Amino acid sequence: MERSTFVYDGDCAFCTRCAEFIERRIPTGTRVVPWQFADLDALGLSEAECEEAVQWVGADGSRAAGPDAIARLLGDSGPLWRIAGTGLRLPPVRAAAWPAYRWVARNRHRLPGGTAACALPQEARERLYGPSGRPAADA
């Protein structure tokens with residue numbers, strides 16, 4: 001793999017806003033892509049992993065999830081962002097980051113930019129809206 005890849009939930013407005021922030025504000029060579037448009041097999045990821053947390057797949061094949069993935073993304077960025085990534089990897093910070101990440105993941109539909117669809121698992125979204133994200137046609 002040529003570049004590292006950061007994978008997020010493109011069906012979640014909050015996650016998409018965060019990804020847009022990364023693309024606009026964080027200078028990185030990492031490819032930032034919604035899992036729904038990523039080649040998960042090539043990345044060695046499953047839909048379940050991607051629904052649970054953001055994912056990082058390094059150019060070397062290394063993997064990380066959740067705040068560890070965010071730390072890797074920041075570590076692959078500009079100098080100030082690398083410092084933040086290093087800080088996020090410190091044991092006491094990392095220990096606090098996981099519960100905070102899980103809280104955000106559970107409540108992302110309530111956060112700025114979040115929508116009700118952010119709270120639904122992929123299977124429920126597809127059942128309600130179809131795989132295209134539009135309401136399923138009545139039979």
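These are my notebook entries on one protein chain, looked up in a predicted model.

**Entry 1: confidence**

I began with how far the prediction can be trusted. The mean pLDDT of the protein chain is 85, and 80% of the residues reach 70 or more. I then noted the stretch 133–139, where the pLDDT is below 50. Beyond near neighbours in sequence, residues 133–139 have six contacts in the model. Where pLDDT is low, predicted coordinates should not be read in detail. I left that stretch there.

**Entry 2: overall layout**

I listed the secondary structure next. The protein chain has seven helices and four strands. Read from the N terminus, the order is β-α-β-α-α-β-β-α-α-α-α.

I also looked up totals. Of the 139 residues in the protein chain, 38% are buried. The exposed surface of the chain comes to about 8,300 Å², with 57% of it supplied by carbon and sulfur atoms. For contacts between residues at least 6 apart in sequence, I found that 58% join residues at least 24 apart.

**Entry 3: the nonpolar cores**

Which residues have the most contacts inside the largest nonpolar core? I noted Phe6, Tyr8, Ile22, Val32, Val54 and Ala69, in a core of 19 residues. Strand S1, helix H1 (13–25), helix H4 (66–75) and helix H6 (91–107) each give at least two residues to this core. H1 provides the largest share, four residues. Another core, of nine residues, lies apart from this one, and Val7, Leu40, Leu43 and Leu45 are among its members.

I followed Phe6 further. Setting aside neighbours within four places in sequence, Phe6 is in contact with ten residues I could write down: Ile22, Thr30, Arg31, Val32, Val33, Val54, Gln55, Ala69, Ile70 and Leu73.

**Entry 4: Tyr8**

I turned to Tyr8, which sits in strand S1 (residues 5–8). Is Tyr8 buried or exposed? Tyr8 is buried, because its relative accessible area is 10% and the cut-off for buried is under 20%. Leaving out neighbours within four places in sequence, I listed its contacts as Cys15, Thr16, Ala19, Val32, Val33, Pro34, Trp35, Gln36 and Val54. Cys18 is not a name on that list, but I looked up its separation from Tyr8 anyway: the two are ten residues apart in sequence and 9.2 Å apart in space, C-alpha to C-alpha.

**Entry 5: the cysteines**

How many disulfides does the structure hold? I found zero. I wanted to know why, and took two cysteines in turn.

For Cys15, the closest cysteine sulfur is that of Cys12, at 3.3 Å. A disulfide needs the sulfur atoms within 2.5 Å, so this pair is too far for a bond. Cys15 is buried, with a relative accessible area of 13%.

For Cys18, the closest cysteine sulfur belongs to Cys15, at 6.5 Å. This pair is also too far for a bond, because the cut-off is again 2.5 Å. Cys18 counts as partly exposed, at 33% relative accessibility.

**Entry 6: Ser62**

Last, I looked up a loop residue. Where does Ser62 lie? Ser62 is in the loop between strand S3 (55–57) and strand S4 (63–65). Not counting residues up to four places away in sequence, Ser62 touches Trp56, Val57 and Arg72. With Arg72 there is also a polar contact, side chain to side chain, at 2.9 Å.

Conventions. Residues numbered from 1 in each chain as written. Heavy atoms only, no water. Buried < 20%, exposed > 50% of the residue type's maximum accessible area, 1.4 Å probe, protein only. pLDDT = per-residue confidence, 0-100. Contact = heavy atoms within 4.5 Å. Polar contact = N/O pair within 3.5 Å; in protein donor to acceptor, adjacent residues only side chain to side chain. Areas by Shrake-Rupley, 256 points an atom, 1.4 Å probe, with all protein chains shown as cover. Core = buried A, V, L, I, M, F, W, Y, C linked by side-chain atoms within 4.5 Å.
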